[in-house]
Amino acid sequence: MKLQIPKDKAIEALKNRISEIDNLDFNPDAWKERTILDLKEIFPIGSTQYIKIQFLRFETFITSEKEKVFSEAKITAKKILNSYIDFIIEYSKVAEERHIIKEKDYEQKYYELLKERNDIV
């Protein structure tokens, strides 16, 4: 999976969304919309990372459960976004390793072809 924006910018955006959760003027609807937009910009078209945030419930009709549901949703949102940050960090390491392996493969193939050409000449 290739990220649509640089790794550092993606992590920064997700950390900003996480820090907004604890603000006193936290608005769950606005936060969800912004977070969904960020996730759609970070991950490629067709990926579904935003769906977990989209269906996250911060409200309930049961009055006695409102604070509990709100707190649990905030905790869940933080865990989800932190898991995405971990994924980006791990994926980036794997992508860098693949790039290094590809470079070594191309270099090896180049030397093999060069040797073959020298043998022919």
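The following legends accompany close-up views of a predicted protein model.

**Figure 1. Overall view of the four helices of the protein.** The protein contains four helices and zero strands, and the order of its elements from the N terminus is α-α-α-α. Among its 121 residues, 29% count as buried. The accessible surface amounts to about 9100 Å², and carbon and sulfur atoms contribute 54% of that surface. Of the contacts with a separation of 6 or more, 67% are between residues 24 or more positions apart.

**Figure 2. Helix α1, residues 7-21, and its buried face.** Helix α1 has 15 residues, which at 1.5 Å a residue should span 21 Å. The C-alpha atoms at its ends lie 22 Å apart, in agreement with that expectation. The buried residues of α1 are Ala10, Ile11, Ala13, Leu14, Arg17, Ile18 and Ile21. Viewed down the helix axis, these buried residues fall within an arc of 160 degrees, so they line one face of α1. The exposed residues Asp8 and Lys9 are carried on the face of α1 that is turned away from the buried side.

**Figure 3. The salt bridge between Arg17 and Glu20 in helix α1.** The side chains of Arg17 and Glu20 meet in a salt bridge with an N to O distance of 2.9 Å. Both residues belong to helix α1, where they are three residues apart, or about one turn of the helix. Arg17 is buried, with a relative accessible area of 4%, whereas Glu20 is partly exposed, at 26%. By the rule applied here, the count of salt bridges comes to five.

**Figure 4. The salt bridge between Lys78 and Asp22.** The side chains of Lys78 and Asp22 form a salt bridge of 2.8 Å, N to O. This pair links distant parts of the chain, with Lys78 in helix α4 and Asp22 in the loop between α1 and α2 (28-42), 56 residues apart. Lys78 counts as partly exposed, at 25% relative accessibility.

**Figure 5. The surroundings of the buried residue Lys74.** Lys74 is found in helix α4, which covers residues 66-120. Lys74 is buried and yet has no salt bridge. Asp22 provides the nearest side chain of opposite charge, at 4.5 Å, while a salt bridge requires a side-chain nitrogen of Lys or Arg within 4 Å of a carboxyl oxygen of Asp or Glu. Leaving aside residues up to four places away in sequence, Lys74 touches Ile21, Asp22, Phe26 and Phe58. One of these, Ile21, is also among the buried residues of α1. Another, Asp22, meets Lys78 in the salt bridge of the preceding view.

**Figure 6. The salt bridge between Lys68 and Glu65, and a network of salt bridges.** The side chains of Lys68 and Glu65 meet in a salt bridge with an N to O distance of 4.0 Å. Lys68 is partly exposed, with a relative accessible area of 47%. Glu65 also counts as partly exposed, at 30% relative accessibility. Elsewhere, salt bridges that share partners join Arg17, Glu20, Arg34 and Asp38 into one network.

Conventions:
Residues are numbered from 1 along each chain as its sequence is written. This is a predicted model: local features need pLDDT of at least 70, side-chain atom pairs count only at pLDDT 80 or more; totals for chains, interfaces and linings use all residues. Side-chain values use heavy atoms; hydrogens and water are left out. Helices (H or I, at least four residues) and strands (E, at least two) are DSSP runs, numbered from the N terminus. Buried means under 20% relative accessible area, exposed over 50%, partly exposed in between (1.4 Å probe, protein chains only). Contact means heavy atoms within 4.5 Å. Accessible areas come from the Shrake-Rupley method with a 1.4 Å probe; for residues, only the protein chains shown count as cover. The expected span of a helix is 1.5 Å times one less than its number of residues. The arc is that of the directions from the helix axis to the C-beta atoms. Lys and Arg count as positive and Asp and Glu as negative; His and the chain ends are not counted.
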